[in-house]
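Please look through the structure below with its sequence beside it, and follow the paragraphs that come after it one region at a time.

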Amino acid sequence: MGEQKVDAEFAGPDRRRFMRAILRDLQALEAMLSNGLIEEGVRRVGAEQEVFLVDRHWHPAPASLKALELVNDPHFTTELGLFQLECNLDPQLFGGDCFRRMEHQLSGLLGQLRRAIGPAGLEIVLTGILPSLRRSDLGLENMVPNPRYQMLNRAMTALRGQDYEIAIEGADELRLKHDSVMVEACNTSFQVHLQSGAAEFPNLYNIAQALAGPLLSCCSNSPLLFGRRLWTETRIALFEQAVDTRSPNHERDVQARVSFGDRWLRRSVVEIYREDVARFRTLVGGESGEDPMAILERGGVPELRSLRLHNGTVYRWNRACYGVTDGKPHLRIENRVLPSGPSVTDEVANGAFWYGCMLGLAAKHEDITKVMEFEHARANFTTGARYGLGAPMIWLDGEEMSAPHLVLDHLLPLAEAGLRSGGVDDADRERYLGVIERRVRTGRTGARWLLFSLAQMKGHGTAAERLTALTSATAARQQSGATVESWEPAQRVEAGGWKHNYVHIEQYMSTDLYTVQEDDPVELAANLMQWHGIRHVPVEDQEHRLVGLVSYRSLLRLLTAQDAARGADAIPVSEVMHRDPFTVAPGTTTMRAIELMNTHKVGCLPVVHRGRLVGMITPGDFADIASQLLKQKLAE
């Protein structure tokens, strides 16, 4: 959660004043570190829970402002998308039953939220990427009307200079362009915080970097986006590309705004802040408040508002945070790696595992950089995100092993030792680490549950029904209290009926299209129709913009008129195509599409998004709807 009060316009003198305020804050932080003013000897843990809001049909519900009003609790706040909320837990002193208390508070707050929004037809889902999310949900109309988000979007988009391009390959491939940072709203996470003393911060931060890959391998829960099977933890690749402000035409090394980093931390947390100030242009500005150095001279504690605001626009996967609790300044490591879900218990177990590994490794290695190469930590992060428990890992001293071997034989014992040394209750150590052990031994992460469930439903219903069933089943199993390794696969019937899965044409349109270009011979279009049993072939340009449509009827007219001089095989597509076909957008309702086809007597409707061809609707695509209507009539 970032600072919300920002300047509506931010340029020229305002930007220079804000940068000076950042540098002054950085100077004050250095002074506090030099004079030993950062809180030491206190270990606190905390977490932020992000959730999706859905309607009764398990589709994203842009109702966060209404939900906040209904729940009326300061623990909740907005996120980027109107279909998301964030819940901030109270910090807990590390030790004893801190994780049980964390789980109890989180379950209580989520239950409170469900009770508040349920009568309004809303529900919440904890998942890294909502399976039933659609591309049409990512318009600017679904961005929270908050000056911070709007200003960040304008500033980031201006820096990039053109559309954001998403390209992710897994079992399937996803390529799309988007004109705003709203693709970031596909993601939700469970962010955990660990308070650190100033002297130990560099080693603890480096340990967090070293653990990021192994942690992802056993906690992944985001393998799907728009029905495509991509990375095991697709959030990682998606977030890095969704707010990539670098121009695609840059010709030198430029660090991305979302990154793992490129080196170990050596001496102080100040290195991170200096690097971020040096590399990343300020995007938003706000009131800096009183001079932090003057506050220090009076014996006070500065809030470092400007530095913190800028820090909130640089998205390291492990982020350094400065805060003030009970009048004392402190440092925290914010772990942004973990996805939301699968269940509250799974999430708290993930956090406990991370905390234990952090302290266990710190007790054994005063300087983790002496036994691990940074490049290995970064490689583990990528392979863990891509392959989950199937990832190969390179651990300390360059030892290579599988992710399950690393977790079971190395990290779980370290986590046990770390939690024990911190005074965590025996029963809680056994409970939460037991969740991780069962998950790894069975191989049933949230990601694998989603993929297995999807595979089991193959051939049943439409893609939209299957994805809706995943969302519905996720919500139901979360409320059961069971952890993910014991979940039964999702079933198509859990989609809640067929009607709401045919509301918009993007839910069932054909996206695997055969197309031609204007200068192709008409013979190619004719053969495509013959080979694949289709009656219409879209014509597009190199940028996938729709420029026309070739119909079976137009080819028949051509053959009837046979130009003996030229021969049909020499005629370009451009001479027979219809240049102004009726088109629809992905969010067009089913009834509207049917009306258009009947009114204009057309046999197909190309589906176009921002000028580019993304799908096709034909009468055959309505066959399943007709079948379901017939079944309903017969049942009546």
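In this predicted model, the count of disulfides comes to 0. To see how a candidate fails, take Cys 357, whose sulfur has its closest cysteine sulfur in Cys 218, at a distance of 8.2 Å, which is too far for a bond, because a disulfide needs the two sulfur atoms to lie within 2.5 Å. Cys 357 is a buried residue, with a relative accessible area of 1%, and Cys 604 is buried as well, with a relative accessible area of 3%.

Cys 357 also leads us to an empty space inside the protein, since Cys 357 is one of the residues that line the largest cavity. Rolling a probe the size of a water molecule over the atoms is a way to show where empty space is left. A search of the whole structure finds 1 cavity of 30 Å³ or more, and the volume of the largest cavity is about 30 Å³. Alongside Cys 357, the lining is made up of Leu 211, Pro 214, Leu 215, Phe 353, Trp 354 and Leu 411. Two or more residues of this lining are given by each of the elements α5 and α10, the latter covering residues 344-364.

Which residues touch the most other members of the largest nonpolar core? They are Phe 99, Phe 353 and Trp 354, in a core that holds 150 residues. Helix α5, which covers residues 201-219, supplies the largest share of this core, with 12 residues. There is also a second, separate core of 14 residues, and among its members are Val 516, Val 522, Ala 525 and Ile 571.

Trp 354 deserves a closer look, as this residue appears both in the cavity lining and in the largest core. Once its neighbours within four places in sequence are left aside, Trp 354 is in contact with Val 192, His 193, Leu 194, Ala 208, Leu 211, Leu 215, Ile 333 and Asn 335. Of these contacts, Leu 211 and Leu 215 also line the largest cavity. With a relative accessibility of 1%, Trp 354 counts as buried, because buried means a relative accessible area under 20%.

The aromatic rings can be followed next, and a search of the whole structure finds 14 aromatic pairs. One of them joins Phe 239 and Trp 317 in an edge-to-face arrangement, with 5.6 Å from centre to centre and 80° between the planes. Phe 239 belongs to helix α6 (residues 234-242), while Trp 317 sits in the loop between β12 (315-316) and β13 (318-325), so this pair ties together parts that are 78 residues apart in sequence. Phe 239 is buried at 6% relative accessibility, and Trp 317 is buried at 2%. Trp 354 and Tyr 355 form another aromatic pair, a tilted one, in which the centres are 5.3 Å apart and the planes make an angle of 55°. Tyr 355 is buried, with a relative accessible area of 0%. Ring pairs also link Phe 239 and Trp 317 with Phe 260, Trp 264, Tyr 315, Phe 374 and Phe 381 into a cluster.

Another tryptophan, Trp 449, lies in helix α14, which covers residues 446-456, and counts as buried at 6% relative accessibility. Apart from residues up to four places away in sequence, Trp 449 touches Leu 470, Ala 473, Thr 474, Arg 477, Val 484, Trp 487, Glu 488, Pro 489 and Ala 490. The C-alpha atoms of Trp 449 and Arg 420 are separated by 31 Å, and these two residues are 29 residues apart along the chain.

Finally, we can turn to the backbone. Gly 341 and Pro 342 are joined by a cis peptide bond, with omega at about 0°, and Pro 342 is found in the loop between β14 (328-335) and α10. Phe 226, in the loop between β9 (224-225) and β10 (228-229), has a phi near 55°, a positive value in a residue other than glycine. Lys 601 is not a glycine either, yet has a positive phi of about 55°, and lies in the loop between α18 (590-600) and β19 (605-609). Are these two residues buried or exposed? Phe 226 is buried, with a relative accessible area of 14%, whereas Lys 601 is exposed, with a relative accessible area of 69%.

Technical notes:
Residues numbered from 1 in each chain as written. Predicted model: local features only at pLDDT ≥ 70, side-chain atom pairs only at ≥ 80, totals over all residues. Heavy atoms only, no water. Core = buried A, V, L, I, M, F, W, Y, C linked by side-chain atoms within 4.5 Å. Buried < 20%, exposed > 50% of the residue type's maximum accessible area, 1.4 Å probe, protein only. Helix = DSSP H or I, 4+ residues; strand = E, 2+ residues; numbered from the N terminus. Contact = heavy atoms within 4.5 Å. Phe/Tyr/Trp six-rings, centres within 6.5 Å; stacked < 30°, edge-to-face > 60°. 1 Å grid on protein atoms, 1.4 Å probe; cavity = no way out; pocket = protein on both sides within 12 Å on 5 of 7 lines; lining within 4 Å. Points joined across faces, edges and corners; volume = space filled by probe spheres on them.
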